[in-house]
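Biologist: I have the sequence and the model open side by side. Could you take me through the strand pairing, one piece at a time?

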Amino acid sequence: MSERFLVVPVAHAVESAFGGETDGDSVLDAGGGEGERAERRGSVPILQYSREPNKYGDGTPRESSPFIHNTDDYKGTLYDGKNMALFEEEMDSNPMVSSLLSKLANYTNLTQGVREHEEADEDEGAKKKTVKSPQMGTFIGVYLPCLQNILGVILFLRMTWIVGTAGILESFIIVSMCCSCTMLTAISMSAIATNGVVPAGGSYYMISRSLGPEFGGAVGLCFYLGTTFAGAMYILGTIEIFLTYIVPSAAIFKAEEKALEAEAMLNNMRVYGTCCLTLMAVVVFVGVKYVNKLALVFLACVVLSILAIYAGVIKTIFEPPVFPVCLLGNRTLQNHGFDKCMKTEIIDNVTVTTKLWSLFCQGPELNASCHEYFNLNNVTEIQGIPGLTSGVISENMWGSYGPAGMMVEKALPAVPATDSSQDQYMPYVVNDITTFFTLLVGIYFPSVTGIMAGSNRSGDLRDAQRSIPIGTILAIATTTIIYLSCVVLFGACIDGVVLRDKFGDSVKGNLVIGTLSWPSPWVIVIGSFFSCCGAGLQSLTGAPRLLQAIARDGIVPFLEVFGHGKANGEPTWALLLTALICESGILIASLDAVAPILSMFFLMCYLFVNLACALQTLLRTPNWRPRFKYYHWALSFLGMSLCLALMFISSWYYALVAMLIAGCIYKYIEYRGAEKEWGDGIRGLSLNAARFALIRLEEAPPHTKNWRPQLLVLLNLDSELSVKHPRLLSFTTQLKAGKGLTIVGSVLEGTYLTRETEAKRAEQNIKSAMAAEKTKGFCHVVVSSNLRDGISHLVQSAGLGGMKHNSVLMAWPGNWRQSNDPQSWKSFIETVRETTAAHQALLVAKNVDSFPHQERLSEGTIDVWWIVHDGGLLMLLPFLLRQHKVWRKCKMRIFTVAQLDDNSIQMKKDLQMFLYHLRLNAEVEVVEMHDSDISAFTYEKTLVMEQRSQMLKQMQLSRTEREREIQSITDESRSSIRRKNQSGAHGSGVNNQNSQLDEDKQDEAQLIHDRNTASHAALNDKADATPERVHMTWTKEKFFSERNRNREPNANVAVRDLFNMKPEWESLNQSNVRCMHTAVKLNEVVVNKSQGAHLVLLNMPGPPRNRGGDENYMEFLEVMMEGLNRVLLVRGGGREVITIYS
């Protein structure tokens, strides 16, 4: 539930104190009706708490408070005069202290829960009354409701049986464990409840706001299920009292044989339970106010029943009640079909058989055939309630567990029968279920639940932060004393065989606890009946509202329909679902089977209350300032551990099922639920865990075995601030597979003050693109005065502590040749330099838009060209890519280059062995690149490159001067080529063929150069020049002719002659010529081997140290990648990233 505040009117006296009327509509409105707005208009606004769902439609919780952002109506009073002129511009968001105090003085919280619905029923269509301040104190508002909810059906129907079965000592342990659990939970709950206003919703609200929406939704639904099953348990208790102790003759199903009695009773429970549930649901639907008005009656029944028990205990000291119990041997008999505990009696000096005789014998005759055990043992009669001073406490000190069907026996001498096959048909008192310690814990625990009743009524309390801790803890202390004293007193007053008689068959079908009460057993019977009715009605009242609160929070999408109800807010649909779930509990039909189920759900709820308090205390959250000071994290952890232990003690399989349900709900909310930010403790825990982990990470760099690429992805945005290359994010996802760190960054040029909104919009666009491409990571948009500095800031400062990127991924600037602004490629080169200086790896993807998206690639290859050793990153990247489904079918091929003096065969063997030790499967091929002379084509390509560089240096001139300069360069180039052609025609005959080849290449170079110069001359006129106009293609014919030429025996002489005959080549930078030669030759072999590969990974050479040749560096890289579709240039970070060792 997002926290909201309503605006309600106050008296005109307060209005005049503010100096005039104020329009109440302008303050935050939580969505009330028109009638409310009409009445509020003209009143001074007072902020009051509302749990209405957010109605703005954005699903974002708005934390409204009486402190800030609610100042529209106070603009006339916030600032008057010039004393605060310095703060005048901030007054709209930061009110003056005087205004703040005025609001706090008038702040109150609305009465929560049913009272609002009652008013809607009574005043439908009329104006709402002004709600008075709640006036409930600790005793009425917290203590008595908790007492009423804690004391209930288990005390009246099962407490004596638990004491008789487990014995006084073990029962004492059971009660102590359960009460300690609730007391520790109450301490934690008191701390949470006094840490601010807790609206109706009680434990759900506290847990969800402390542990977050995932835990809150999971535990809230578990608490809802627990409350619903509690309703089923109370209804079953009501029917059990009705059919067993009040009107046994009302049973519809009746067993003809004793063995079928249990089944008939279950069917009766199902029929009557369904009818009772239907009746109660109708009562709740028609008017909850009647349930609340009867609450006092139900409470009186509970109190009177408890007093009757204590009065009966005191009376046993002087005059124990007469409830005789008949024993046959040491076996207890059901006292239903006979009135005298004797086999025969003498009437008029004649010995006649009794009704008891006919139960064990085949006829009333003295010589009739009787049951063997009946013949061997005598009948004795003992007092069922011997009294407090009888000393029976010593007999009841130890437990008496046994299987189902075991007879309830007293420690008396008896003669066993040889044949026991007919025992089940005899009127013995037997165990209806198998009993053991852990079962009793599960059955007993619901009798200590109900401690949340006070926190649920926080809106009705005069001082909730004082009343909730005192009332709840006092109620638990009182009920603990009652339970512990009952354990001792029941064991001291009632005989053991009567205690173990669950349904009172041995005392003529009386309620066992009723036999102890004074003045009559009917006090307890009637009191417990109405108490169970009231508890069932309250469960059916509270559970739908809890579900409605969860549904209105919007954290579980499929529950949203249950947030709606009648016009007055009554949760109709939630009530229907609650009734259906409750019916499933009633169909189980056994109180002993239903009790452990709701124990699980309540224990899970209490566990998370303790966890929430412990987390908040240990994390020392700034907002954690509870008024209740008597808490400690150790107590909360102890309570949490006790809850967990009790869950598995009660029923390990129910515990696992409850945890599975909570876990499924948690994951569902995490996956599909609405995003909520409630400032929960789990977020604080995550922050602390992250801080601890970051500090640990920073202590030492990661070992080579743990190294994985932690990526900083540099994105380009278009004019609409959308991502230009979303496939770069796809590639990131495929490379990372959700592991490690991914930071997606981008740079906007300008100042943050002027582009703040655009930066946020860009961040949202990037996050949307990341979600679409399933990229998990963080987004960081930087606004900087220029692109160059912004990228530098990202490279230097992205990440935190040890959680920093070690690799940078970016797209190749494909249109760098056409760009008017040289900063585009200069920024790229500076990024390369900075990543090298920062010892970070660099990955540059060419043609990234052609990279695969989500479609799986067919069988193909990922080719790795391992030219120089870069720390093994070239080997690691294909392995990581092949973990993803897109690249899984691709095979890995590794190419390395052998020089003239290398043993290529040995190189291949060594590389294969290296890959074997690296546990990598890849094909290995060694490519021989022998030293060859530099071709004329390379010279021409270098010449064109340097001429283009000269043109770029003239970009500072005016357009006319630039065109004139380009024309002069072009003319000079053409004349030089003509001179070269003429000089080449007078060459020696030996070199005629080579000269012809060179002329062909010169013509090709001339064509390429012409295209280049033409495109550059038209740069300003045709901004959309296509890359095909400027790419320097290396044709297949040229490749074969060049290879054949290089193999000629006189090639060196020819080239020297050619060089001597081309004087303009002498002016070329020889370093550029050698670099171009490397790029051309490497491109030849890569295109030859890997043109059909799905991805080619290449070593990326470093930029020149002399910045004057930066544009030449870009040309070298372009030539090296020419003719390849998908290329990933890889530059290592200066450290080993892959190892052969384990």
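Modeller: Happy to! In this predicted model, one open sheet is built from 3 strands in the order β4-β3-β7, with antiparallel pairing. The edges belong to β4 (331–332) and β7 (379–383); each has a single partner strand, so one side of each is left without a neighbour in the sheet. If you look at strand β3 (residues 324–328), you will find it joined to β7 by 5 bridges, the two running antiparallel. A handy pair to click on there is V325, which stands opposite I382 in β7.

Now please move along the chain to strand β14 (residues 891–898). Of its 8 residues, 7 are buried, meaning under 20% relative accessible area, so the strand is largely enclosed by the rest of the structure. One of its partners is strand β13 (residues 861–866), and these two pair in the parallel sense over 6 bridges. To find the match between them, select W865: its bridge partner in β14 is F895. Between those two strands the chain passes through helix α30 (residues 873–881), making a β-α-β crossover that is right-handed.

β14 also pairs with strand β15 (residues 923–928), again in the parallel sense and over 6 bridges. Here the pair to select is T896 and V926, the latter lying opposite in β15. As you step along any of these strands, one general point may help: in a regular strand the side chains alternate between the two faces of the sheet.

Terms used:
Residues numbered from 1 in each chain as written. Predicted model: local features only at pLDDT ≥ 70, side-chain atom pairs only at ≥ 80, totals over all residues. Heavy atoms only, no water. Buried < 20%, exposed > 50% of the residue type's maximum accessible area, 1.4 Å probe, protein only. Helix = DSSP H or I, 4+ residues; strand = E, 2+ residues; numbered from the N terminus. Pairing = 2+ DSSP bridges. Right-handed = clockwise from strand over helix to strand, strands pointing away.
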